[in-house]
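Q: I would like to learn how to read the features of a helical membrane model step by step. Could you take me through one, with the general idea before each case?

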Amino acid sequence: MKWDWGAVGDFMPQFWDGLLVTLQALALGSVISFVLGLVWALLMRAPTRWVTWPVGAVTEFVRNTPLLVQLFFLFYVLPEWGFTFSALTTGVFAIGLHYSTYTMQVYRAGIEAVPAGQWEAATALNLPVARTWRVVILPQAIRRVVPALGNYVIAMLKDTPLLMAITVLDMLGQARLFSQEHFQFTEPLTVIGVAFILISYLASLLMRALERRLVH
């Protein structure tokens, strides 16, 4: 099959629109997963089972059900209960919620890796609990888990095409739309494949640079 550069040129306006949506979903989904994952991790350290048991049950359920099922549920079922959001908003929240159950485990590992002496020193200095977490524990824990969090950012990027299932026109959605309109599949799908590779590579370089900065 002959490569059609004209089709590539025709596809590029839609590609840039899809790329913007993909990056928006990735950035906002990452923020949600990082913040919510930290909240889950802190709640799991609560002294009462009335907190840890519900949090553990919810995160376990979310982690062990497919993201695609969660997308369909949030997009098609919630409106029946009176909660209606745009496709992109629903997709961003779903991907952030789903990956927060993974980042929770990363944060928990980072917190548990903080030496016991740090906790003892904070206690000896009579630091308030909130200040102990904010100044002593979390900075050390987060510094340790940056590489693992970066891996989940790349994983989220690879899952953004699932948003097409709820009508979000990300890169894959735009490629599919173009292909259906022009009956040309090779060029748009190849373009987005290369784009995913480049974005993943750039994201990995960024995370390595951030890791080196935090370590040193």
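The dialogue below goes from the whole chain to single residues.

Q: What should I know about the model and its numbering before I begin?
A: This is a predicted model, in which local features need pLDDT of at least 70 and side-chain atom pairs count only at pLDDT 80 or more, while totals for chains, interfaces and linings use all residues. Residues are numbered from 1 along each chain as its sequence is written, and side-chain values use heavy atoms, with hydrogens and water left out.

Q: How many helices and strands does the protein chain have?
A: Helices (H or I, at least four residues) and strands (E, at least two) are DSSP runs, numbered from the N terminus. On that basis the protein chain has eight helices and zero strands, and its pattern along the sequence reads α-α-α-α-α-α-α-α. The C-alpha trace of the protein chain spans about 70 × 45 × 20 Å along its principal axes.

Q: What share of the residues is buried, and what share of the contacts joins residues 24 or more positions apart?
A: Buried means under 20% relative accessible area, exposed over 50%, and partly exposed in between, with a 1.4 Å probe and protein chains only; 41% of the 216 residues of the protein chain count as buried. Contact means heavy atoms within 4.5 Å, and among the contacts in the protein chain with a separation of 6 or more, 79% are between residues 24 or more positions apart.

Q: Which residues does the UniProt record annotate as "transmembrane region"?
A: UniProt positions are given in the numbering used here, feature names are shortened, and annotations may be inferred rather than shown by experiment. The unreviewed entry gives "transmembrane region" for residues 20–43, 81–99 and 189–210. In the model, residues 81–99 are 68% helix and 0% strand, with end C-alpha atoms 25 Å apart, whereas residues 189–210 are 100% helix and 0% strand, with end C-alpha atoms 31 Å apart. The unreviewed entry also carries the annotation "domain: ABC transmembrane type-1" over residues 19–207, a span that is 80% helix and 0% strand in the model.

Q: How far apart are the end C-alpha atoms of helix 1, and where does helix 1 bend?
A: The expected span of a helix is 1.5 Å times one less than its number of residues. For the 39 residues of helix 1 (residues 5–43) this gives 57 Å, and the end C-alpha atoms are 54 Å apart, which agrees. The bend at a residue is the angle between axes fitted to the seven residues ending there and the seven starting there; helix 1 bends by about 45° at Met12, with a proline, Pro13, following within four residues. Helix 4, with 27 residues, reaches 39 Å from its first C-alpha to its last, close to the 39 Å expected, and has a kink of about 35° centred on Thr101.

Q: Is Gln70 buried or exposed, and which residues does Gln70 touch?
A: Gln70, which lies in helix 3 (residues 67–77), is buried because its relative accessible area is 11%. Not counting residues up to four places away in sequence, Gln70 touches Val62, Thr65, Ala94 and His98. A polar contact is a pair of N or O atoms within 3.5 Å; within protein, one must be able to donate a hydrogen and the other to accept it, and residues adjacent in sequence count only if both atoms are side-chain atoms. The side chains of Gln70 and His98 make such a contact, at 3.2 Å.

Q: How is a pair of aromatic rings described?
A: A pair of aromatic rings is described by the distance of the centres and the angle of the planes. Rings of Phe, Tyr and Trp (its six-membered ring) pair if their centres lie within 6.5 Å; planes under 30 degrees apart count as stacked, over 60 as edge-to-face and the rest as tilted. The structure holds nine aromatic pairs. One of them, Phe75 with Tyr76, is edge-to-face, at 4.9 Å centre to centre and 80° between the planes. Phe75 counts as buried at 18% relative accessibility, while Tyr76 counts as partly exposed at 45%. Elsewhere, ring pairs link Phe11, Phe15, Trp16 and Phe178 into a cluster.

Q: Where does Thr167 lie, and what is its phi?
A: Thr167 lies in the loop between helix 6 (129–159) and helix 7 (171–182), and its phi is near 75°, a positive value in a residue other than glycine. Thr167 is exposed, with a relative accessible area of 54%.
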